[in-house]
Amino acid sequence: MKFTLGAIAAVALSTAAFASEVAPDAVEYVDEGVKVSLTGVAGDPAAGAETFKSRKLGNCLACHANADMSGELFHGDVGPALDGVASRWEEPMLRAIVANSKHVFTDETIMPGFYSLKVGQDVREDLIGETILTAQQVEDVVAYLGTLKE
């Protein structure tokens, strides 16, 4: 089997990115939020917007209104509107809220912990031990939220 230098470099980079991912049970929450990226890779705001509005991933619009996505259907009003959210919260706090809002608010919040292994009761057997979003999807959503300034 013959490998090109580019293929070897790609594998090395993907392995390095994977190696730097913080496990859900190793995320460090402090008063200012989660200061360290969960992946060591910058979030992609465009990918974060897709995750944010996807009903199969973040489904954030089910609970939050967001004028930036006014063309999307079914904005909820259970949570606060996210217009200008980046002017209210800094990146570490946004990361903490998305990763596991229960560390920021209380266990009573209806918002799920998107990067937590504690996702509630009666979890489908094939989803036990899985997070709702990947670490990179959390970083992408945080990057998208960072674009929502007043």
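These are my notebook entries on one chain, its pockets and one of its helices.

**Entry 1: the whole chain**

I began by reminding myself that this is a predicted model. Then I looked up the secondary structure and found five helices and zero strands. Reading from the N terminus, I wrote the order down as α-α-α-α-α.

Next I asked myself: what share of the 150 residues in the chain is buried? My note says 33%. Buried here stands for under 20% relative accessible area. For the outside, I noted that the chain exposes about 9,500 Å², with carbon and sulfur atoms supplying 57% of that area.

I also looked at contacts between residues with a separation of 6 or more. Of these, 51% join residues that sit 24 or more positions apart in the chain.

**Entry 2: the largest pocket**

On to the pockets, which were fun to look up. The largest pocket holds about 540 Å³ of space. I counted 29 residues in its lining, and those nearest the centre are His64, Pro80, Leu82, Ile97 and Met111. Three helices each give two or more residues to this lining: H3 (85-88), H4 (91-100) and H5 (135-145).

Which helix gives the most to the lining of the largest pocket? I found that H4 does, with three residues.

Then I sorted the lining of the largest pocket by class: 21 residues are nonpolar, five are polar and three are charged.

**Entry 3: the second largest pocket**

For the second largest pocket I wrote down a volume of about 340 Å³. Its lining has 13 residues, and Pro112, Val119, Val123, Leu127 and Ile132 are the closest to the centre. I sorted this lining by class too, and got six nonpolar, three polar and four charged residues.

**Entry 4: helix H5**

I came back to H5, one of the helices from the lining of the largest pocket. Is H5 mostly covered or mostly uncovered? It is mostly covered, since ten of its eleven residues are buried.

I listed the buried residues of H5 so I could find them in the structure. At the start of the list are Ala135, Gln137 and Val138. Glu139 and Asp140 are buried as well, and so are Val141, Val142, Ala143, Tyr144 and Leu145.

My last question was: which helices do the buried residues of H5 pack against? I found H2 (45-53), H3 and H4. H3 and H4 were already in my notes, as both give residues to the lining of the largest pocket.

Note on methods:
Residues numbered from 1 in each chain as written. Predicted model: local features only at pLDDT ≥ 70, side-chain atom pairs only at ≥ 80, totals over all residues. Heavy atoms only, no water. 1 Å grid on protein atoms, 1.4 Å probe; cavity = no way out; pocket = protein on both sides within 12 Å on 5 of 7 lines; lining within 4 Å. Points joined across faces, edges and corners; volume = space filled by probe spheres on them. Helix = DSSP H or I, 4+ residues; strand = E, 2+ residues; numbered from the N terminus. Nonpolar A, V, L, I, M, F, W, Y, C, P; charged D, E, K, R; others polar. Buried < 20%, exposed > 50% of the residue type's maximum accessible area, 1.4 Å probe, protein only. Contact = heavy atoms within 4.5 Å. Areas by Shrake-Rupley, 256 points an atom, 1.4 Å probe, with all protein chains shown as cover.
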